[in-house]
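Biologist: Please show me the chain, and then let us go through it by question and answer.

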Amino acid sequence: MSAAQGTAERGPYPIGHDATEHREPHAEHAERGVVSKRIIVGYGFWIFLLSDIVMFSAFFATYAVLSDATAGGPSGKDLFHLNTVAIETACLLLSSFTCGVASIGARAHNDLMYYGAMAVTAIFGAGFLSLEIHEFAGMVAIGAGPSRSAFLSAFFTLVGCHGLHVTLGLMWLLTMMAQVFAKGYRADILRRVLCFSLFWHTLDIIWIAIFTVVYLMGAAQ
């Protein structure tokens, strides 16, 4: 049987093993490249989150060691106002909820749910930051700045680092809103929204630890 007859019998659109043999090499290479990039990006993001957790663990350990090193200055019991901190915690917890709603809206391609929830998340995050900055400013005003004692140095480092992460998270949030507006709900954009959501929830978990270890235990001493 000739090659022409074999081709005619198989038809112009081969299936099965023949379909694999007739795939364009550059198309298969491009597909593997996209999958590999997606895996590398996801793996790198998890490494970033874990490294952040390790860093905060070191700050927590440092604070635990230095929590009593007040050098005759004010302690947590003298400085912490739990009512204000409770409002901060409520803001961050609610922002975590609305961030989850935004992720659902993005997957559903629902503009109202996505943009609305992201805007509310930004408002709660900004409210949290404003309360934290007000707390820091009040402590510095009465002479309880980070240079006053080892305890305050550890406190400002731990809590301030978390506040810096929230600030960067708000910038990331605005960037994701702009990217969805400009490019739509593409697969790569949705992956970035998911990464942002994981980052924001991680900050929420870290704050719960700060609220418990720093503020509640500190105010009880």
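Modeller: First a term: buried means under 20% relative accessible area, exposed over 50%, and partly exposed in between, with a 1.4 Å probe and protein chains only. This is a predicted model, in which local features need pLDDT of at least 70, side-chain atom pairs count only at pLDDT 80 or more, and totals for chains, interfaces and linings use all residues. Residues are numbered from 1 along each chain as its sequence is written, and side-chain values use heavy atoms, with hydrogens and water left out.

Biologist: Which of the elements has the highest mean pLDDT?

Modeller: pLDDT is the predictor's confidence in each residue, from 0 to 100. Helices (H or I, at least four residues) and strands (E, at least two) are DSSP runs, numbered from the N terminus; the chain has eight helices and zero strands. Helix 2 (residues 17–21) has the lowest mean, 45, and the highest, 96, belongs to helix 6.

Biologist: What span does helix 6 reach from its first C-alpha to its last?

Modeller: The expected span is 1.5 Å times one less than the number of residues. Helix 6 has 31 residues, for which 45 Å is expected, and its reach is close to that, at 44 Å.

Biologist: Which elements do the buried residues of helix 6 pack against?

Modeller: Among the buried residues of helix 6 are Tyr114, Ala117, Met118, Thr121, Ala122 and Gly125. An α-helix has 3.6 residues a turn, so residues three or four places apart point the same way. Packing is judged by contact, meaning heavy atoms within 4.5 Å. The partners are helix 4 (76–79), helix 5, helix 7 and helix 8.

Biologist: Which helix gives the most residues to the largest nonpolar core?

Modeller: A nonpolar core is a set of buried Ala, Val, Leu, Ile, Met, Phe, Trp, Tyr and Cys residues joined through side-chain atoms within 4.5 Å. The largest has 50 residues, and Tyr114, Phe155, Trp207, Ile210 and Tyr215 have the most contacts inside it. Two or more residues each come from helix 3 (25–66), helix 5 (82–107), helix 6 (111–141), helix 7 (150–183) and helix 8 (187–220). With 14 residues, the one that gives the most is helix 7.

Biologist: Over which residues does pLDDT stay under 50?

Modeller: The mean pLDDT of the chain is 85, and 81% of its residues reach 70 or more. The stretch under 50 has five contacts beyond four places in sequence in the model, and it covers residues 1–22.
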